[in-house]
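Good morning, and thank you for the time. I would like to take you through one structure, beginning with the chain as a whole and ending at a single side chain.

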Amino acid sequence: QLQLVESGGGKVQAGGSLRLSCAASGRTSTNYHMGWFRQAPGKEREFVGVIRTTNIPAYADSVKGRFTISRDNAKNTVYLQMNSLKPEDTAVYYCAARKPTVVVVTTASEYDSWGQGTQVTVSS
């Protein structure tokens, strides 16, 4: 069973940066599509991006050009580098995993393994 733990959240001012980590254990994360989602109070869980088993990332339009997903295979860890943060980026951020598909899946319910989330707060 794949287990995921997020870390790296915190409070930053608008325009700042944070780097989130998703540490995997139990299975090798390179065999999965590893997604990032976020959820703000009163809102549904929102797709942020995903890195595929081919190591090709895909992003939501709201973060494209500002966020970058990468892998460190030796550490079995996936990262979300967030630059030029905006107050609307404030949310709990989750990493998630699912078995690979030809088409990238952006629906949270289609992911099988989840971390507990890490809070990101961006002040203006």
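Let me start with overall dimensions. For a chain of 124 residues, a compact globule would be expected to have a radius of gyration near 14 Å, and the protein chain has 13 Å, so the two agree. Please keep in mind that this is a predicted model. Along the principal axes, the C-alpha atoms occupy a box of roughly 40 × 25 × 25 Å. The accessible surface amounts to about 6500 Å², and carbon and sulfur atoms account for 46% of that area. As for burial, 44% of the 124 residues count as buried.

Turning to secondary structure, the chain contains 11 strands and zero helices. Taking contacts between residues at least 6 apart in sequence, 57% of them join residues at least 24 apart.

I will now consider two of the strands, beginning with strand 7, residues 67–72. Its side chains alternate: Phe67, Ile69 and Arg71 point to one face and are buried, whereas Thr68, Ser70 and Asp72 point to the other face and are not. Strand 7 pairs with strand 8, residues 77–82, in the antiparallel sense, through six bridges. Within that pairing, Ile69 has Leu80 of strand 8 as its bridge partner. The hairpin formed by these strands has four residues between them, and there Asn76 adopts a positive phi near 55°.

Next is strand 11, residues 118–123, where the side chains alternate as well. Thr118, Val120 and Val122 point to one face and are buried, while Gln119, Thr121 and Ser123 point to the other and are not. Which strands pair with strand 11? Strand 2, residues 10–13, runs parallel to strand 11 and is joined to it by four bridges; here Gln13 is partnered with Ser123. Strand 9, residues 91–98, pairs with strand 11 in the antiparallel sense over three bridges, and one of the partnerships is that of Val92 with Gln119.

Finally, I come to Thr118, which is found in strand 11. Why does Thr118 count as buried? Its relative accessible area is 11%, and therefore Thr118 is buried, since the cut-off is under 20%. A polar atom of the Thr118 side chain lies 3.1 Å from the backbone nitrogen of Gly9. Beyond its neighbours within four places in sequence, Thr118 is in contact with Glu6, Ser7, Gly8, Gly9, Leu20, Ala91, Val92 and Tyr93. In that list, Val92 is the residue already mentioned as the bridge partner of Gln119.

Thank you for your attention.

Terms used
Residues numbered from 1 in each chain as written. Predicted model: local features only at pLDDT ≥ 70, side-chain atom pairs only at ≥ 80, totals over all residues. Heavy atoms only, no water. Buried < 20%, exposed > 50% of the residue type's maximum accessible area, 1.4 Å probe, protein only. Pairing = 2+ DSSP bridges. Polar contact = N/O pair within 3.5 Å; in protein donor to acceptor, adjacent residues only side chain to side chain. Contact = heavy atoms within 4.5 Å. Rg over C-alpha atoms; globule rule 2.2 N^0.38 Å. Areas by Shrake-Rupley, 256 points an atom, 1.4 Å probe, with all protein chains shown as cover.
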